[in-house]
Structure formats: structure tokens, C-alpha cells
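Hi,

Here is the structure I promised to pass on. Have a look at it first, and my notes follow underneath.

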Amino acid sequence: MKDTVGITALVPPELIYACGKRPLDVNNVVPGSSSSPASKLCAWTAVWRDMILSGELDIDSLVVVAGGDCHNALVDGQKAELSGKPTHYFFYPFDGDTDYFRSQLEKLSLFLGGVQDDGIITRITDLKSRGKALDEQRVNDRARASDVFSALISFSDLAGDLDAFERTLDSIPEADVEYTSRVALIGVPPIYPDFHEVAEGFGLHIVYDELPYEFIRLGGCDLDSLARNYTKYSFAGPIETRVWFIQDELRQRRVDGVIHYTQFACHHTLEDEIFRQHLDYPILTVQGDLPRPSSEQLKLRLEAFAEMLEVMP
Ligand code: SF4
């Protein structure tokens, strides 16, 4: 059995698999949890921190993304290190410095015991191409957003098992999607496990999931190309670049409106006014806290947003 490496945010899974390990994105277990952490700011990091400390999350080592898209993870990652698991701190460069990021990948590779099988990267590249095809399928109204989201969000660790993950991709059905409006979901992913189904129930077809799209967009076949591509991870760079990128995606995907999901006590919440200044679309901002099914209040707001988009010229 391969060693399991917990990752707290996006860490190139290509390199973890190439080092003979199995990545586990610790965030992916959070929406299914019903816990209420006693000490918390953001529930995402607090839930996985407690699960690591209690041993509920079975990992052999931990890679904390300490510089990049989340500072709560840095603190909760250090607390999780008290579990005794070997822990490594990984940093994205804010200025996109490829040489710096290549050195980060080299340090990560050393922590993981070195590259054993770089041939596996080609297989991951092929799976990411399938992810892109699936994404396009929902943009063309040929797949349900809830099915596509559940596949794309798993590209951060490819479910820790490439064969099983490929079978999951195979099982996603084609569908003739009917809806009243096309929307983009920007920000961190909702902590509510049923968010996409609830939106679908109100006729909102989510044709862009900002963060999961990064998981399939970025890749590479060796350390140099991984360094070049992953330095473009939009969540870890300047907001201006991210806004340009989002504007382009919204245009190509012909959206009618934007939902900005924010998480309680997450610094990304402060970006809301920047998006409102620069994205020329109706925007609904919603906020979540603990991992639970969508609240009645959220449902009412989604329903009202859907009705507003429907009557807009
Ligand atoms: S929601 Fe924000 S604070 Fe929480 S884990 Fe994600 S980036 Fe970090």
C-alpha cells in the first residue's frame, strides 16, 4: 500500500504520484463531515485539522500549502503537525517566479523520497484532458453541473487512485440539460455538499467552477513544465491577473450571472468588492460556515437570484 500524503490545498499531484505516493486532499472530506470544531476561524481548515489530530484522517505525512492561497491553513497545519506526522511546508510565489517555484518542487520531491516513476505523469495528463472534455460537455449543456463539479473537485488528488478515478470519470452520464440561466461560481468551493444540486433545482446551470477548473487547467510533464504552469495558479497570484482570467472565462462560457461563494473568516471574502467593480454581471454573494446541507435562507436567495436573471433582458 502506498503512503498517503495529505495536502491542504493545490500541490501538483503529478509530482506526488511520480514519487510513488498517494495524495489525499484533506479538504475533500470536509463537506461530508458534520463536526463543529471548538476552535476555529474557517471551518475548512479547522475540520481537517481536528480529523488529523484525532487520527480520523489516515495519512502518513502532510504537505501544508503555507504560502499561496490560504493563511488559515498555515496555522491549522502547524497544529496538525502536533499529531507527529512528518510535515512539509510548500510555497507558491506571488510574483510568478518560476525558478523559485522549481526549487519548491525539488524540496517537495526530496521530502517525498524522490521521483520513482515519472511515466505516471503522462497518465495524469491524459486524465486531465478528460476533465477538460467533461468541463466542455457541461458548457455545451451535455452534462449536469453537479456531476461535473464532483469530478473536477477530485482532480486535486485524483481520488488517490488513478484506476478508480478513471472509472468515476467513465460513469458520468451525458445529459440534455434544461435550465433558465447560465451562471459562474467563483471563489472557494461551497462547503455545502448539495450546493450544485440546489442551484440546478432553481434552473441555474453552473457552467464555470473557478477553483476546480484550476485543478484541470494546470499540469506539466516534468519539473520545468510543472514549475512554469503551476506558477500560473490564479488563486496564489495577484487579484488583477485572476480577474482578467475570470473575465475571459465568463465571456467564453456565455454566463448570465455570477455567484461568489465566500467562506466565513476567509480572507478571500475581502475580494468581493473587487469582483463587483470589475465583473459586469449580476452578482450574488453567499457565505457559508459549517459543512451542512444548504440552509433554507440560502435556497431562498438562490431562488430569488434565478428569478431575477430569468426576467432580465
Ligand atoms: S476557505 Fe479560505 S481560509 Fe478557508 S481553507 Fe479556503 S482559502 Fe483557507
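The core to start from is an open sheet of 4 strands, ordered β2-β1-β3-β4, with parallel pairing. (Strands count as paired if DSSP finds at least two bridges between them; strands, E of at least two residues, and helices, H or I of at least four, are DSSP runs numbered from the N terminus.) This is a predicted model, so to speak of local features pLDDT has to be at least 70, and side-chain atom pairs count only at 80 or more, while totals for chains, interfaces and linings use all residues. Residues are numbered from 1 along each chain as its sequence is written.

At the edges of the sheet sit β2 (22-25) and β4 (87-91), each pairing on one side only. On average, neighbouring strands are turned by 30° against each other, direction ignored. β1 (residues 4-7) pairs with β2 in the parallel sense over 4 bridges, and Val 5 has Pro 23 of β2 as its bridge partner.

Two helices worth a look on the sheet: α3 (residues 72-81) lies across β3 (61-67) and β4, at about 155° to β3. α4 touches β3 and β4 too, and its direction makes about 165° with that of β4. (Angles run from 0 to 180 degrees between N-to-C directions, with axes fitted to C-alpha atoms, for helices over the stretch in contact; contact means C-beta atoms, placed from the backbone, within 7 Å.)

α4 (residues 98-111) also meets α10 (residues 223-230): their axes come within 9 Å and cross at roughly 125°. That makes the pair oblique (under 35 degrees is roughly parallel, over 145 roughly antiparallel, 65 to 115 roughly perpendicular, the rest oblique). Among the contact residues are Phe 101 and Leu 105 of α4 and Leu 223 and Tyr 230 of α10.

The axes of α5 (residues 120-139) and α6 (residues 145-152) come within 10 Å and cross at roughly 160°, so these two are roughly antiparallel. Here Gly 131, Leu 134, Asp 135 and Arg 138 in α5 meet Ala 145, Val 148, Ala 151 and Leu 152 in α6.

Finally, the ligand: the residues around it include Cys 42, Trp 44, Asp 69, Cys 70, Cys 266 and His 268 (C-beta, placed from the backbone, within 6 Å). α2 (43-54) and α3 each supply at least two residues of that shell.

Cheers
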